[in-house]
Amino acid sequence: MNITISGKQMDLTDAIKDSVAEKLERLDYYLHPETEVKVTVSAKKARQKVEVTIIPISGPIIRAEDTEENLYAAIDVVYDKLNTQLRKYKKRVQDKHQSNESIRFSHIEDLSEEELNDENENSINISIERNKKFNMKPMSPEEAVLQMDLLGHDFFIFTNTQTDDISIVYKRKNGGYGMIEQA
């Protein structure tokens, strides 16, 4: 696995790099040797943030992040999240394979949640602070929910293979999932 570690608003020491690499190398069991892993470590006052994005050769992008007062605790939490996600993904792929159903995942660009500006609800001055573009690959709603869960997002936009229209799946407050389709 190819691990790229970068620091934001901080200098990375060899100890930090070694700790991150050591933890992530434990995930080799689940990943292809040429898998790209991008790690960003940042610090703001007493808060340390670790973000990890795994971009496999084939399959979904897997992402985890955590913010803690202790950097090494954040690394441990992110490792645990990634390990859980990879185990869950591997089990689902095996279950689909054993039941003779096919499961297809296409390589997609990272999609971040939209950041809404709620500071002035009555104000007409709307400021779009972030803009993301990504390729929408055709997939079933079930695959889109799996991809959304693996990315850790609350919603996911995709091209529905059943209707060839753009659709959105999202997590409902009651714990279920919803889907929005074009009329």
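## Pairing and the sheet of β5 to β8

Two strands count as paired if DSSP finds at least two bridges between them. In this predicted model, four strands meet in an open sheet whose order is β5-β6-β7-β8, with mixed pairing. β5 and β8 (177-181) are the edge strands, each pairing on one side only. Helix α3 packs on this sheet and touches β5, β6, β7 and β8, and the direction of α3 makes about 150 degrees with that of β6.

Strand β6 (residues 155-160) and strand β7 (residues 166-171) run antiparallel and are joined by five bridges. Phenylalanine 158 stands opposite serine 167 in β7, and the bridge partner of threonine 159 is isoleucine 166, also in β7. The hairpin of β6 and β7 has five residues between the strands, and aspartate 164 there takes a positive phi near 60 degrees.

β7 and β8 are likewise antiparallel, with five bridges. Tyrosine 170 has glycine 178 in β8 as its bridge partner. These two strands form a hairpin with five residues between them, and glycine 175 in the turn has a positive phi of about 105 degrees.

## Helix α3 and serine 140

Helix α3 spans residues 141-151. Of its 11 residues, 10 are buried, so the helix is largely enclosed by the rest of the structure. The buried set includes the charged residues Glu143 and Asp149 along with Val145, Leu146, Met148, Leu150 and Leu151. Glycine 152 follows α3 and has a positive phi, near 80 degrees.

Serine 140 sits in the loop between β5 (138-139) and α3. The cut-off for buried is under 20% relative accessible area, and serine 140 counts as buried because its relative accessibility is 15%. Leaving aside residues up to four places away in sequence, serine 140 touches Phe158 and Thr161. Phenylalanine 158 is the residue that stands opposite serine 167 in the pairing of β6 with β7.

## The sheet of β1 to β4

Another four strands form an open sheet in the order β1-β2-β3-β4, again with mixed pairing. Its edge strands are β1 (2-8) and β4, each of which pairs on one side only. On average, neighbouring strands of this sheet are turned by 10 degrees against each other, direction ignored.

β1 and strand β2 (residues 36-44) run parallel and are joined by seven bridges. In this pairing asparagine 2 stands opposite glutamate 36 in β2. Strand β3 (residues 47-55) and strand β4 (residues 62-68) are antiparallel, also over seven bridges. Glutamate 51 faces a second glutamate, residue 65, in β4. β3 and β4 form a hairpin with six residues between them, in whose turn glycine 59 has a positive phi of about 115 degrees. Helix α1 (residues 14-25) lies across β1, β2 and β3 and runs at about 140 degrees to β1.

## Valine 39

Valine 39 lies in strand β2. It is buried, with a relative accessible area of 1%. Valine 39 and isoleucine 5 are 34 residues apart in sequence, yet their C-alpha atoms are 4.7 Å apart.

The contacts of valine 39, not counting residues up to four places away in sequence, are Ile3, Thr4, Ile5, Ser6, Val20, Leu24, Val50, Glu51 and Val52. Of these, Ile3, Thr4, Ile5 and Ser6 fall within the range of β1. Val20 and Leu24 fall within that of α1. Val50, Glu51 and Val52 fall within that of β3.

## The chain as a whole

The secondary structure of the protein chain comes to three helices and eight strands. From the N terminus on, the elements run β-α-β-β-β-α-β-α-β-β-β. Buried residues account for 36% of the 183 residues. Among contacts between residues at least 6 apart in sequence, 45% join residues at least 24 apart.

The chain exposes about 11,800 Å², of which carbon and sulfur atoms supply 45%. For ring pairs, the criterion is that the centres of Phe, Tyr or Trp rings lie within 6.5 Å, and the count of aromatic pairs comes to zero. Arginine 26 lies over the face of tyrosine 79, at 5.8 Å from the ring centre.

How values were computed:
Residues are numbered from 1 along each chain as its sequence is written. This is a predicted model: local features need pLDDT of at least 70, side-chain atom pairs count only at pLDDT 80 or more; totals for chains, interfaces and linings use all residues. Side-chain values use heavy atoms; hydrogens and water are left out. Axes are lines fitted to C-alpha atoms, for helices over the stretch in contact, and angles run from 0 to 180 degrees between N-to-C directions. Contact means heavy atoms within 4.5 Å. Buried means under 20% relative accessible area, exposed over 50%, partly exposed in between (1.4 Å probe, protein chains only). Accessible areas come from the Shrake-Rupley method with a 1.4 Å probe; for residues, only the protein chains shown count as cover. Rings of Phe, Tyr and Trp (its six-membered ring) pair if their centres lie within 6.5 Å; planes under 30 degrees apart count as stacked, over 60 as edge-to-face and the rest as tilted. A charge sits over a ring if NZ of Lys or CZ of Arg is within 6 Å of the ring centre and within 35 degrees of the ring normal.
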